[in-house]
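Work through the exercises below with the sequence and the model open. Each task is followed by a solution in steps.

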Amino acid sequence: MSADTPASPDDDLDPEAVADLQARIDALETEVSDLRTEVDDGGSQKMVIIATKGTLDMAYPPLILASTAAAFGYDVTVFHTFWGLEILHEENSKNLQLSSVGNPNMPVPNAIAALPGMDRMTTRMMRTKIEDNDVASVEELIETSIASGVELQACQMTIDLLGYDEDDFYDGVTTGVGAASAFQDMVDADIQLLV
C-alpha cells in the first residue's frame, strides 16, 4: 500500500472479532424473529379489570385503561359488578353522579358537601369540566372500548339483584357473566386491576 492510499477501516479488523460480531447479529435476528412469531401467534397479553363503583369519577378509570390497553394490543376484559354495573346501563350511565362527601380532592369542605343538593352541584361542575376540556363522555368511552375489541361484561348476579334486563345495557355488552367466569379470566390474565 502506498503512502498516498488511505487506510481502509477493514485493515485493522480482527477476523475473530468480526466472526463474533456476526454471530451476535445472527442471534439477535433470530430472537427478534421468534418474538415476532410469538406476537403473530396470539402472544398478546391479557388484562382484566374489575369495575365495582358507579359514580361519574369512577366510570373513567376502567374505560380509559381498557381502551388504552386495547390500543397497545392487549386482550382486555372489564367485569362490571355491583354499582360498577351502572356504567354499562344505557340509561343510568348518562346520569352518573359524583359524591362530594368524603372526597378529599373536592374543593368543598365535608360540612358543606353534606348539604342537600351538593352532589348535584359537584356533578354539574365535573360535567362542565369534562366538556370544557374535550374529555370523552362515558358513552363515547364505552363505544371506543367496544370498537377496540374490549369485552365489557355485566355481572349476572348484579343484573338480577338490581332488577335489570339484558336490554338495559349498551349494544356489545356481554351479559350473563358470573363470578366464576370472571375469576377464570383473572387467573388467565397477565394484569388484573380492581377499580
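**Exercise 1. Find how far apart the centres of domain 1 and domain 2 are.**

Step 1. Take the bounds: domain 1 covers 15–40 and domain 2 covers 45–194. Such bounds come from an automatic or database domain assignment.
Step 2. Take the centres over C-alpha atoms; they are separated by 45 Å.
Step 3. For a single pair of residues, use Glu 16 and His 89, which are 73 residues apart along the chain and have C-alpha atoms separated by 68 Å.

Two notes apply throughout. This is a predicted model with residues numbered from 1 along each chain as its sequence is written, where local features need pLDDT of at least 70, side-chain atom pairs count only at pLDDT 80 or more, and totals for chains, interfaces and linings use all residues. Side-chain values use heavy atoms, with hydrogens and water left out.

**Exercise 2. Find which residue forms a salt bridge with Asp 75, and place both partners.**

Step 1. Apply the rule: a salt bridge is a side-chain nitrogen of Lys or Arg within 4 Å of a carboxyl oxygen of Asp or Glu. The count by this rule is 1 salt bridge.
Step 2. The partner of Asp 75 is Lys 46, with the closest N and O atoms 3.8 Å apart.
Step 3. Asp 75 belongs to strand β2 and Lys 46 to strand β1 (residues 46–51), so the pair ties together parts that are 29 residues apart in sequence. Strands (E, at least two residues) and helices (H or I, at least four) are DSSP runs, numbered from the N terminus.
Step 4. Classify by relative accessible area: buried is under 20%, exposed is over 50%, and partly exposed is in between (1.4 Å probe, protein chains only). Lys 46 is buried because its value is 13%, while Asp 75, at 38%, is partly exposed.

**Exercise 3. State which residues make the nonpolar surface patch, and examine two of them.**

Step 1. Patches take residues with over 30% relative accessible area and no salt bridge; like charges are joined within 9 Å, and nonpolar side chains (Val, Leu, Ile, Met, Phe, Trp, Tyr) within 5 Å. Areas come from the Shrake-Rupley method with a 1.4 Å probe, and for residues only the protein chains shown count as cover.
Step 2. Phe 82, Trp 83, Met 157 and Leu 161 make a nonpolar patch of about 470 Å².
Step 3. Trp 83 lies in the loop between β2 and α3 and is exposed because its relative accessibility is 54%.
Step 4. Phe 82 is also in the loop between β2 and α3; at 42% it is partly exposed. Its phi is near 45°, a positive value in a residue other than glycine.

**Exercise 4. Name the residues of the negative surface patch and locate Glu 90.**

Step 1. Asp and Glu count as negative, Lys and Arg as positive; His and the chain ends are not counted. The charge is placed at NZ of Lys, CZ of Arg, CG of Asp or CD of Glu.
Step 2. The patch is formed by Glu 90, Glu 140, Glu 143 and Asp 171.
Step 3. Glu 90 sits in the loop between β2 (75–80) and α3 (110–113), partly exposed at 31%.
Step 4. For contrast, His 89 lies in the loop between β2 and α3 but is buried, at 6%.
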